[in-house]
Amino acid sequence: MQCLGQIESGFIDNEDFLYCRYIVCYGSDWEVVGGIDNGLSQTACQNHLNSEGSVVWNFPIDVTLKSTNLHGWPRIAISVYGMDFFGRDIIRGYGSLLVPLKPGVHKINVDMFKPIANSSLNSVLGWLTG
């Protein structure tokens, strides 16, 4: 099975200068026979001329896998990072998707989850410690 595509763009509320990381997760019966199963994009900023406010990466994915059965079908895990005030890498969002079962061209929107602190104290401590 060949997975060929790209992570085109993303939008996370009030966040800018973001980069994207992906990893292809798969079961024990699967094996990578070509390409790369993980990657890290460039840092990109919002297009302020566009009212959508998305960050565009156009980050290519190209991996070929083989398996003896369907158990552990591949999933792409995506995480988005940005820098905080002190220059530390902070996770800004994460999500995942199953690689489509049928061949062809697919446009998939991935819901991103943004971590938040469960209290004001944790929010301050998280900001201090990164």
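A residue is called buried when its relative accessible area is under 20%, exposed when that area is over 50%, and partly exposed in between. By this measure, 30% of the 130 residues of the chain count as buried in the structure described here, which is a predicted model. Cys 20 belongs to the buried class, because its relative accessible area is 0%.

The chain contains one helix and seven strands. Along the sequence these elements follow the pattern β-β-β-β-β-β-β-α, with the helix after the strands. Taken along the principal axes, the box filled by the C-alpha atoms is roughly 50 × 35 × 20 Å.

The strands are described here sheet by sheet. An open sheet of four strands has the order 4-2-6-7, and its pairing is antiparallel. Strand 4 (38–40) and strand 7 (89–98) form the edges of this sheet, and each of them pairs on one side only. On average, neighbouring strands of this four-stranded sheet are turned by 15° against each other, direction ignored. Strand 2, which covers residues 18–25, is joined to strand 4 by three bridges in the antiparallel sense. Within this pairing, Arg 21 has Leu 40 of strand 4 as its bridge partner.

Three strands make up another open sheet, in the order 1-5-3 and again with antiparallel pairing. Its edges are strand 1 and strand 3 (30–35); each has a single partner strand, so one side of each is left without a neighbour in the sheet. Neighbouring strands of the three-stranded sheet are turned by 40° against each other on average, direction ignored. Strand 5 pairs with strand 1 in the antiparallel sense over eight bridges. Ser 9 stands opposite Val 56 of strand 5. Strand 5 also pairs with strand 3, in the antiparallel sense and over five bridges. In this part of the sheet, Trp 30 stands opposite Ser 67 of strand 5, and Glu 31 stands opposite Lys 66 of strand 5.

Empty space in the model was examined next. Rolling a probe the size of a water molecule over the atoms shows where empty space is left. The largest pocket holds about 1000 Å³ of space. Its lining consists of 37 residues, and those nearest the centre of the pocket are Gln 6, Leu 97, His 106, Lys 107 and Ile 108. Strand 1 (2–10), strand 2, strand 5 (55–67) and strand 6 (75–83) each contribute at least two residues to the lining of the largest pocket. Strand 1 gives the largest share, with nine residues. Sorted by class, the lining has 23 nonpolar residues, nine polar residues and five charged residues.

The cysteines were considered with regard to disulfides. The structure holds zero disulfides. Cys 20 is in no disulfide, and the nearest cysteine sulfur, that of Cys 25, lies 13 Å away. A disulfide requires two cysteine sulfur atoms within 2.5 Å. For Cys 45, the closest cysteine sulfur is that of Cys 20, and because the two sulfurs are 15 Å apart, they are too far from each other for a bond. In accessibility, Cys 45 counts as partly exposed because its relative accessible area is 39%, whereas Cys 20, at 0%, is buried.

Backbone angles were also examined. Most residues other than glycine have a negative phi. Phe 17 is not a glycine, yet its phi is positive, at about 55°. Phe 17 is placed in the loop between strand 1 and strand 2, and Phe 17 counts as exposed because its relative accessibility is 52%. Asn 58, also a residue other than glycine, has a positive phi near 50°. Asn 58 is located in strand 5 and is partly exposed, with a relative accessible area of 41%.

Key. Residues are numbered from 1 along each chain as its sequence is written. This is a predicted model: local features need pLDDT of at least 70, side-chain atom pairs count only at pLDDT 80 or more; totals for chains, interfaces and linings use all residues. Side-chain values use heavy atoms; hydrogens and water are left out. Two strands pair if DSSP finds at least two bridges between them. Axes are lines fitted to C-alpha atoms, for helices over the stretch in contact, and angles run from 0 to 180 degrees between N-to-C directions. On a 1 Å grid over the protein atoms alone, a cavity is a set of points where a 1.4 Å probe fits but cannot get out, and a pocket is an open set with protein on both sides within 12 Å along at least five of seven lines; lining residues have an atom within 4 Å of a point. Grid points are joined across faces, edges and corners, and a volume is the space filled by probe spheres set on the points. Ala, Val, Leu, Ile, Met, Phe, Trp, Tyr, Cys and Pro count as nonpolar, Asp, Glu, Lys and Arg as charged, and the others, Gly among them, as polar. Buried means under 20% relative accessible area, exposed over 50%, partly exposed in between (1.4 Å probe, protein chains only).
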